[in-house]
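Okay, thanks for squeezing me in. I'll put the sequence and the model up, and then we'll walk through a few spots together.

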Amino acid sequence: MHHLPWPYPRILAHRGGGTLAPENTLAAIDVGRAYGYRGVEFDAMLSADAVPVLIHDPTLERTTGARGAVSDCSAAELTALDAGAWHSPAFAGVRLPSFEAAVRHCRALGLWINIEIKPAPGHETQTGTVVAQHTARLYADCIVAGGAQAAHAAPAVPLFSSFQPQALAAARVAAPDVPRGLLLDRIPDDWRRLLQDLDAVALHTNHRHLTAERARRVKEAGYWLFCYTVNSPERAAEITDWGVDAFCTDRIDLIAPDGAPRQRA
């Protein structure tokens, strides 16, 4: 149990740049940074040849011009896809990036990352293992022994999150010193056991189902509490008053990195 302050940026640009750029691309990360954000969230999934790439859906249709399953395509095939044209003409030609390229880009910009491990169905253990191995290599200069514990969490090291406990368990084996947060749409009655089983430091949940009482219980139990995806300044202020440590947002044009409402044009 801990009651330590959240050591990372408090508000993250969801999938890099929220609604203002094509999700899970380097261009999105650049937009988030241009809006003053110092932390981003993005999704990592494996290609057929076990290379992590940034994409949210297990299929390609929504955010690329291709069809089929991500897990059926090689990394070379995936990173050649146009992942920007679906969003707007200004981003046509933006490519789907590899995980390594995205991490290196974030590190060059001084951005912290919440890495959501997003396995395609049936690839939970492999995805958790490979993403964690890549992360451990790319952050070898700043990961510290015991860093998965809140008291030793290094502010530059990412936080893993996933809806899949199996993926987080695999990540714990592959990169034991990188902290973990369990993603839950609704917080179940056995949430404490689930977090304890994974030795997690944070609970990540859908703000729409969160109540002040549930937030109080999570915080009193000594866990960090993160919410997705908060898109109004009013709701951001409300959950912050409840003790929520951090959240991600699609509306980086409405919510400033410090949580203040932006002036509307």
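So, where is the place of asparagine 206? Asparagine 206 sits in strand E7. Before I go on, keep in mind that this is a predicted model.

Staying with asparagine 206: this residue is buried, and its relative accessible area is 11%. Now look at what the side chain is doing. One of its polar atoms lies 2.9 Å from the backbone nitrogen of arginine 208. And if you skip residues up to four places away in sequence, asparagine 206 touches Leu184, Asp185 and Tyr228.

Now let's walk back from there to helix H6, residues 191-198. Which residues of H6 are buried? They're Trp191, Leu194, Leu195 and Leu198. Looking down the axis of H6, those buried residues fall within an arc of 95°, so they line one face of the helix. And what does that face pack against? The buried residues of H6 pack against H5, strand E6 (180-184), strand E7 (202-206) and helix H7 (212-220). So strand E7 shows up again here, as one of those partners.

Right after H6 comes aspartate 199, with a positive phi near 50°. Aspartate 199 isn't a glycine, by the way. You'll find aspartate 199 in the loop between H6 and E7. Buried or exposed, or in between? Aspartate 199 is partly exposed, at a relative accessible area of 33%.

There's another non-glycine with positive phi to show you, and that's arginine 15, near 55°. Arginine 15 is in the loop between strand E1 (11-14) and helix H1 (26-34). The relative accessible area of arginine 15 is 16%, and that counts as buried, because the cut-off is under 20%.

Okay, on to helix packing. Two packed helices are described by the angle between their axes and the distance between the axes. Let's take helix H4, residues 124-138, with helix H5, residues 165-174. Their axes are 7 Å apart, and the packing angle is about 40°. H4 passes H5 in a right-handed crossing. On the H4 side you've got Glu124, Thr125, Gly128, Thr129, Ala132 and Gln133, and they meet Gln166, Ala167, Ala170, Ala171 and Ala174 of H5. By class, that contact has 5 nonpolar, 5 polar and 1 charged residues.

H4 also meets H3, which covers residues 99-109. How do the axes of H3 and H4 cross? They cross at roughly 35° and come within 11 Å. The crossing of H3 and H4 is right-handed. Here Phe99, Glu100, Val103, Arg104 and Arg107 from H3 meet Val131, His134, Thr135, Arg137 and Leu138 from H4. That contact divides into 4 nonpolar, 2 polar and 4 charged residues.

Let me zoom in on one of those, histidine 134, in helix H4. Setting aside neighbours within four places in sequence, histidine 134 is in contact with Pro52, Phe99 and Glu100. Phe99 and Glu100 are on the H3 side of the packing we just looked at.

And to tie this back to where we started: how far apart are histidine 134 and aspartate 185? In sequence they're 51 residues apart, and C-alpha to C-alpha they're 27 Å apart in space. Aspartate 185 is one of the residues that asparagine 206 touches. That's my tour, so let's rotate the model and talk.

Definitions and conventions: Residues numbered from 1 in each chain as written. Predicted model: local features only at pLDDT ≥ 70, side-chain atom pairs only at ≥ 80, totals over all residues. Heavy atoms only, no water. Axes fitted to C-alpha atoms, helices over the stretch in contact; angles between N-to-C directions. Helix = DSSP H or I, 4+ residues; strand = E, 2+ residues; numbered from the N terminus. Left-handed = near helix turned anticlockwise from the far one by under 90°. Contact = heavy atoms within 4.5 Å. Nonpolar A, V, L, I, M, F, W, Y, C, P; charged D, E, K, R; others polar. Buried < 20%, exposed > 50% of the residue type's maximum accessible area, 1.4 Å probe, protein only. Arc of directions from axis to C-beta. Polar contact = N/O pair within 3.5 Å; in protein donor to acceptor, adjacent residues only side chain to side chain.
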